[in-house]
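Ready for some practice in reading a structure? Work through each exercise on your own, then check the steps below it.

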Amino acid sequence: MSEPIFSLWVYLAATPLAGLMLTLVAYVAGFAVYERARFHPLANPVPMAVALVVAALAVTGTDYRTYFDGAQFVHFLLGPAVVGLAVPLVREWPRVRRLALPIAGALAAGSAVAALSAIGIAWALGASPATIASIAPKSVTAPIAMGIAETIGGVPALAAVFAVTTGVVGAVTGKYVLDACRVTGWPARGFALGLAAHGIGTARAFQVSGEAGAFAGLAFALHGLFAALAFPAVRWLVQFPY
């Protein structure tokens, strides 16, 4: 390593910029592979970026808190990015109004299936109550899932892992599942992907169709709002022992 590059690394490693730089470099590398694969869903850049970050932290012995001191700048931008999803949705608003009833039904059914399937499988495999509470909001974006898990007795960090994993799996396999189910309309495909795979699925929907992305963003937002209200209410009604 040349002296200028080494000096730059020493400087960055001692500042919060290290986490930010690592996050951006990892994603750019993952996206480059994704682009070379002609945006094939199996080459999704998110898991590649995560693997690169984890490997770098393990090799350098950097703890997560130190890394996040820099990465939190990217985390902060998630809020404006979610708000930005309203822009393409405005263009589809007349159609959204016409499809209000089917959208409400799909939201209720999809949310219930996402939560109950996770709870049922985890319970059948003998998971602890805390783990069940952590996996229940897996199809909601990570920040909301963490808040829900904490409210209903789960582990926020574990909920984040489940949520990110669900998003990646949904973005990678969504095309094949929807094709197998013969779902062809972009609004339906986008809504299903946004509801099941939250932000990561929504990003994938935008890459294939602006129309699908708009409906994925709608599902992403509605599911987050619905889950944030429904989970605490259900816990209060049934009085979970944990």
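Let's start with one residue of this predicted model: glutamate 211 is partly exposed, at a relative accessible area of 22%.

**Exercise 1.** Find out which residue pairs with glutamate 211 in a salt bridge, and what the pair ties together.

*Solution.* Step 1: the partner is arginine 95, with 2.0 Å from N to O. Step 2: check its surroundings; arginine 95 has 30% relative accessibility, so it counts as partly exposed. Step 3: place both residues. Arginine 95 sits in helix α7 (residues 93-98) and glutamate 211 in helix α13, so the salt bridge ties together parts 116 residues apart in sequence.

**Exercise 2.** Work out how Lys175, Asp179 and Arg189 are linked.

*Solution.* Step 1: take aspartate 179 and lysine 175, whose closest N and O atoms are 3.0 Å apart in a salt bridge. Both belong to helix α11 (residues 156-180) and are four residues apart, about one turn of the helix. Recall that an α-helix has 3.6 residues a turn, so residues three or four places apart point the same way. Step 2: aspartate 179 also meets arginine 189 in a salt bridge, at 2.9 Å from N to O. Here arginine 189 is in helix α12 and aspartate 179 in helix α11, ten residues apart. Step 3: put the pairs together, and you have a network of salt bridges.

**Exercise 3.** Decide whether arginine 189 is buried or exposed.

*Solution.* Step 1: buried means under 20% relative accessible area. Step 2: arginine 189 has 12%, so it is buried.

Methods: Residues are numbered from 1 along each chain as its sequence is written. This is a predicted model: local features need pLDDT of at least 70, side-chain atom pairs count only at pLDDT 80 or more; totals for chains, interfaces and linings use all residues. Side-chain values use heavy atoms; hydrogens and water are left out. A salt bridge is a side-chain nitrogen of Lys or Arg within 4 Å of a carboxyl oxygen of Asp or Glu. Helices (H or I, at least four residues) and strands (E, at least two) are DSSP runs, numbered from the N terminus. Buried means under 20% relative accessible area, exposed over 50%, partly exposed in between (1.4 Å probe, protein chains only).
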